[in-house]
Amino acid sequence: MDGKIDPPALTSTSAEVVRLLEIPEVQGLRVVASVSREPLQKALARLDRDILATGATVLAIAIVIAVVLARSLSRPIVALARETREVMNGEPRKVQGRGGQEMATLAAAFNRTLDELATMRRRLATAERIAARREIARQVAHEIKNPLAPIRAAVETLRRLRDREDPAFDDYFEEATATVLQEVHRIANIVGEFTRFARLPPPNPELIDLVEVARRVVTLHSTPEAASDSREEHVAITPKVELSASTIPKVSADRDQLVQVLTNLIQNGLEAATSVRPDPRVVLTVAPEQNDRVRLVVRDNGPGVAEEMIPRLFEPYATTKEKGTGLGLAIVQRIVFEHGGEIRYRKAQKGGAVFEIWLPIGGPPLLEKPLHEQTARPLGDTPGKD
């Protein structure tokens with residue numbers, strides 16, 4: 001034996017650190033030292049708590065600063081968006097950019113766009129007015145040519161009979177003058193309708209109860225009238241005009257012009273249904289629609305519109321009525337368009353005609369001056385609910 005003693009097993013635990021120390025000054029002397037971990041653990045725990053508290057404080061301060069900055073940054077954006085909506089639904093006025101140079105720049109860009117849009121729409125309105133007037137002038141000339149032919153024939157016949165002192169002159173005089181007066185009256189009606197169409201004033205919007213307006217129009221048309229059947233025997237026909245209305249907000253629109261629209265559509269529906277049925281019926285529906293709009297539907301149980309007439313339904317002087325001028329639906333379309341709305345025809349699934357109108361609740365679109373004329377839009381049998 002060399003006299004050496006093996007050191008005991010040294011193991012550190014979670015509570016203490018154990019180390020074997022050799023003392024070089026004393027040969028063979030070894031010392032086992034142990035140090036408690038508790039002070040270190042307490043110091044680390046305090047450090048963790050301090051770091052956590054500091055982090056939480058910094059995070060809270062950062063959140064508060066972020067909320068304040070977000071509100072200060074979003075407030076002018078929200079205000080600008082609100083002003084923009086008001087401008088689009090009301091009078092064309094410039095928006096104010098508040099909250100810094102960026103917002104002022106954005107507002108200035110929006111105002112320039114607004115000016116450009118108004119200019120473009122004025123130019124478009126002018127171009128459409130010119131095109132519409134040319135088309136109407138052509139159609140008026142065509143319509144006036146028709147009554148001019150019998151007038152000319154009657155006058156030429158009278159002159160020939162007068163020149164040769166024909167005894168039939170007196171007998172033909174009454175017939176010829178009656179024809180001339182009838183055709184002159186027809187020309188006067190054409191000119192009068194054209195004048196009324198051309199002078200239709202722009203909308204004068206105000207907040208109205210559209211359901212009440214529709215109810216009054218329906219009440220006026222729910223009265224008995226006389227009609228004749230295929231055997232030309234007069235029978236009493238009571239037209240049935242009904243109103244189906246949902247709760248809608250007040251609408252900014254021209255009351256008189258919307259009365260004219262509903263009256264025209266209901267009368268057309270009654271005339272069409274009365275011509276083929278003993279129980280003519282027209283239903284007017286008023287309901288809210290998405291995107292801040294309201295929907296008006298006029299549905300009748302008549303024969304519907306002939307297929308060949310659908311593409312020309314809203315054109316001036318396009319009509320299948322013997323005494324009609326074809327301006328009724330053209331006026332309806334113009335009023336609807338000038339209110340910023342849309343009108344469309346489709347054939348009902350169970351027969352009859354359906355006219356659908358969509359109007360913005362906020363009133364006519366943004367224009368310095370309302371459009372005075374609009375050209376016809378494409379039509380078609382768009383699926384919808386009957």
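This report walks through a predicted model of one protein chain, from its overall make-up to single residues.

## The chain as a whole

The chain holds 6 helices and 11 strands. It has 386 residues, and 32% of them are buried. Consider the contacts between residues at least 6 apart in sequence. Of these, 63% join residues at least 24 apart. The structure also contains 13 salt bridges.

## Two helices that cross

Start with helix α4, residues 210-221, and helix α5, residues 255-274. Their axes come within 10 Å of each other. They cross at roughly 40°. An angle over 35 degrees but below 65 falls in the oblique range, so α4 and α5 are oblique to each other. The crossing of α4 past α5 is right-handed.

Which residues of α4 and α5 make the contact? From α4 come Leu-210, Val-213, Ala-214, Val-217, Val-218 and His-221. From α5 come Arg-255, Leu-258, Val-259, Leu-262, Thr-263, Ile-266, Gln-267 and Leu-270. Sorted by class, the contact has 10 nonpolar residues, 3 polar ones and 1 charged one.

His-221 deserves a second look. This residue of helix α4 is buried, with a relative accessible area of 13%. Set aside its neighbours within four places in sequence. His-221 is then in contact with Thr-263, Ile-266, Gln-267 and Leu-270, and also with Pro-239 and Val-241. Glu-242 is 21 residues away from His-221 along the chain, yet their C-alpha atoms are separated by 9.5 Å.

Now move to Gln-257, in helix α5. Gln-257 is buried too, with a relative accessible area of 4%. Leave out residues up to four places away in sequence. Gln-257 then touches Pro-201, Pro-202, Pro-203, Ile-335 and His-339.

## A mostly covered helix

One of those partners, Ile-335, is a buried residue of helix α6. How many of the 11 residues of α6 are buried? The count is 10, so this helix, residues 328-338, is mostly covered. The buried residues are Leu-329, Ala-330, Ile-331, Val-332, Gln-333, Arg-334, Ile-335, Val-336, Phe-337 and Glu-338. Just after α6 comes Gly-340, with a positive phi of about 80°.

## Salt bridges

Three of the salt bridges are set out below.

| Pair | Closest N to O | Burial |
|---|---|---|
| Arg-152 and Glu-156 | 3.0 Å | Arg-152 exposed, 60%; Glu-156 partly exposed, 35% |
| Glu-242 and Arg-281 | 2.9 Å | Glu-242 partly exposed, 24%; Arg-281 partly exposed, 35% |
| Arg-295 and Glu-356 | 2.5 Å | Both buried |

Take Arg-152 and Glu-156, which form a salt bridge. Both sit in helix α2, residues 101-163. They are 4 residues apart, which means that about one helical turn separates them.

Glu-242 and Arg-281 also form a salt bridge. Glu-242 lies in strand β6, residues 240-245, and Arg-281 in strand β8, residues 281-289. The pair therefore ties together parts that are 39 residues apart in sequence.

Where do Arg-295 and Glu-356 lie? Arg-295 is in strand β9, residues 293-300, and Glu-356 is in strand β11, residues 353-360. This pair links distant parts of the chain, 61 residues apart. Are Arg-295 and Glu-356 buried or exposed? Both are buried.

Salt bridges can also join up. Glu-212, Arg-215 and Arg-216 are linked in a network of them.

## A loop with positive phi values

Last comes the loop between β8 and β9. Asn-291 has its place there, and Asp-292 lies there as well. Asn-291 has a phi near 60°, a positive value in a residue other than glycine. Asp-292 is not a glycine either, but its phi is positive, at about 55°. Are these residues buried or exposed? Asn-291 is exposed, with a relative accessible area of 69%. Asp-292 is exposed as well, with a relative accessible area of 59%.

Terms used
Residues numbered from 1 in each chain as written. Predicted model: local features only at pLDDT ≥ 70, side-chain atom pairs only at ≥ 80, totals over all residues. Heavy atoms only, no water. Axes fitted to C-alpha atoms, helices over the stretch in contact; angles between N-to-C directions. Helix = DSSP H or I, 4+ residues; strand = E, 2+ residues; numbered from the N terminus. Parallel < 35°, antiparallel > 145°, perpendicular 65-115°, else oblique. Left-handed = near helix turned anticlockwise from the far one by under 90°. Contact = heavy atoms within 4.5 Å. Nonpolar A, V, L, I, M, F, W, Y, C, P; charged D, E, K, R; others polar. Buried < 20%, exposed > 50% of the residue type's maximum accessible area, 1.4 Å probe, protein only. Salt bridge = Lys/Arg side-chain N within 4 Å of Asp/Glu carboxyl O.
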